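Trainee: I should like to request a close look at a single part of this structure, together with its surroundings. Please give one connected account that begins with the chain as a whole and then turns to the part itself.

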Amino acid sequence: MKKITGYMSAFLLGTMLLTGCRTASVKQPETAVTKTETAVTKAETEKASAKESAAAIDTVTLYITRHGKTMLNTSDRSQGWIDAPLTPAGIEVASALGRGLKLEGVEFDAVYTSDSGRAIETAEIVLNEKGQNLEIHKDKRLREFNFGTYEGMPNDEMWGAIAKAQGMTLEDMKASMQTGSFMDTVASFADTLAQLDKDKAEEEGNWPAEDIATIQARLQAAFSDIVKESMDKGYADVLVVSHGLSIGTFLSTVDANAKVPAAGLKNASVSKVVVKDGIYTVETVNDLSYAEKGK
């Protein structure tokens, strides 16, 4: 009986000790870790929020620039989504633009371009001349108009097809372009070309030429995202390198009073747009003064 009682006492004592150890080893550390993790998470969230608030701004200035002259520009061929490198003259005017911007004290906080090589090359040259080492953000929505199966064709041949579809001669069309607005001309051009290319592109398995509504939608979406990101991250002055028809279309879309030349924008020209409270104000169009200053 004594032996049994002794065994029972030992068993009860061991059970009590084991239970106590389990309680101590689980409850206390778990509570401590949870409190520590909560405190760290809260601190990190507050730090990130404070950093974002400090960076955020309400006004962004866009320096929207057309790329330098290319080999296809020189041979007077249509150049939309297809690409060509800058000519020596194109490299020189891009270099002059960079030097002119530097002399004027313009410092960029961010750079965006289309994903076309001629736009990227222009941005690289400008940054090199200015001595700025910035990442180039590429966006295919900033591309030039897509001319579909008419890409690379002599310009007169492409425009001649459009004139014929509209019941005009090429000479009559060129004359009308000098009197009408830039937007009227490119809208008519894009919609007619898209209609002409619709069946042809499908037969050849090509990207079809874009109509004006498609072009406007992608450009507005691209610039809207650029502005939002710039405001959130504190990019006050932003370089955007795109293409002649696309830049002119965007300027005319956001500001009906923008004075876009009927003949289009020059290579390495700058059009300055200030964005505040969702309102786009076109301050300058086709400005060549930076490139002239940098010569």
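**Helix 8 and its surroundings**

Mentor: In the chain of this predicted model, among contacts between residues at least 6 apart in sequence, 75% join residues at least 24 apart. The chain has 10 helices and 6 strands, and 42% of its 295 residues are buried. Helix 8 is the part I have chosen, and the sheet is the place to begin.

The 6 strands form an open sheet with mixed pairing, in the order 3-2-4-1-5-6. Strand 3 (136-138) and strand 6 (279-282) are the edge strands, each pairing on one side only. On average, and with direction ignored, neighbouring strands of this sheet are turned by 25° against each other.

Helix 8, residues 212-233, packs on this sheet. The helix touches strand 1 (59-66), strand 2, strand 4 (237-242), strand 5 (270-276) and strand 6. Its direction makes about 135° with that of strand 1.

Strand 2, residues 110-113, pairs with strand 3 in the parallel sense over 3 bridges. In that pairing Val111 stands opposite Ile136, and Tyr112 stands opposite His137. Strand 2 also runs parallel to strand 4, to which 4 bridges join it; here Ala110 stands opposite Val238. In a regular strand the side chains alternate between the two faces of the sheet. Within strand 2, Ala110 and Tyr112 point one way, Val111 and Thr113 point the other way, and all are buried.

Returning to the helix, one may compare its length with expectation. The 22 residues of helix 8 should span 32 Å at 1.5 Å a residue, and the end C-alpha atoms are 32 Å apart, so the two values agree. Just after helix 8, Gly234 takes a positive phi of about 80°.

The buried residues of helix 8 are spread along its sequence. Ile212, Ile215, Arg218, Leu219 and Ala222 are among them, as are Phe223, Ile226, Val227, Ser230 and Met231. The list thus includes Arg218 and Ser230 beside residues such as Leu219 and Phe223.

Two of these buried residues, Ile212 and Ile215, also take part in the contact with helix 7, where they and Gln216 meet Met183, Val186, Ala187, Ala190 and Asp191. The axes of helix 7 (residues 182-204) and helix 8 come within 8 Å and cross at roughly 115°. By class, this contact has 6 nonpolar, 1 polar and 1 charged residues.

The interior of the chain completes the picture. The largest nonpolar core has 46 residues, of which Leu62, Ile64, Met158, Phe189, Val240 and Leu251 touch the most other members. Helix 8 supplies the largest share of this core, 8 residues. Leu251 touches Ile64, Ala258, Val260, Ser271, Val273, Val282 and Val285, when residues up to four places away in sequence are not counted. Another core lies apart from the largest one; it has 16 residues, among them Leu101, Val106, Ala119 and Leu239.

In summary, helix 8 packs on the sheet, meets helix 7 through Ile212, Ile215 and Gln216, and gives 8 residues to the largest nonpolar core.

Notes
Residues are numbered from 1 along each chain as its sequence is written. This is a predicted model: local features need pLDDT of at least 70, side-chain atom pairs count only at pLDDT 80 or more; totals for chains, interfaces and linings use all residues. Side-chain values use heavy atoms; hydrogens and water are left out. Two strands pair if DSSP finds at least two bridges between them. Helices (H or I, at least four residues) and strands (E, at least two) are DSSP runs, numbered from the N terminus. Axes are lines fitted to C-alpha atoms, for helices over the stretch in contact, and angles run from 0 to 180 degrees between N-to-C directions. Contact means heavy atoms within 4.5 Å. Ala, Val, Leu, Ile, Met, Phe, Trp, Tyr, Cys and Pro count as nonpolar, Asp, Glu, Lys and Arg as charged, and the others, Gly among them, as polar. A nonpolar core is a set of buried Ala, Val, Leu, Ile, Met, Phe, Trp, Tyr and Cys residues joined through side-chain atoms within 4.5 Å. Buried means under 20% relative accessible area, exposed over 50%, partly exposed in between (1.4 Å probe, protein chains only). The expected span of a helix is 1.5 Å times one less than its number of residues.
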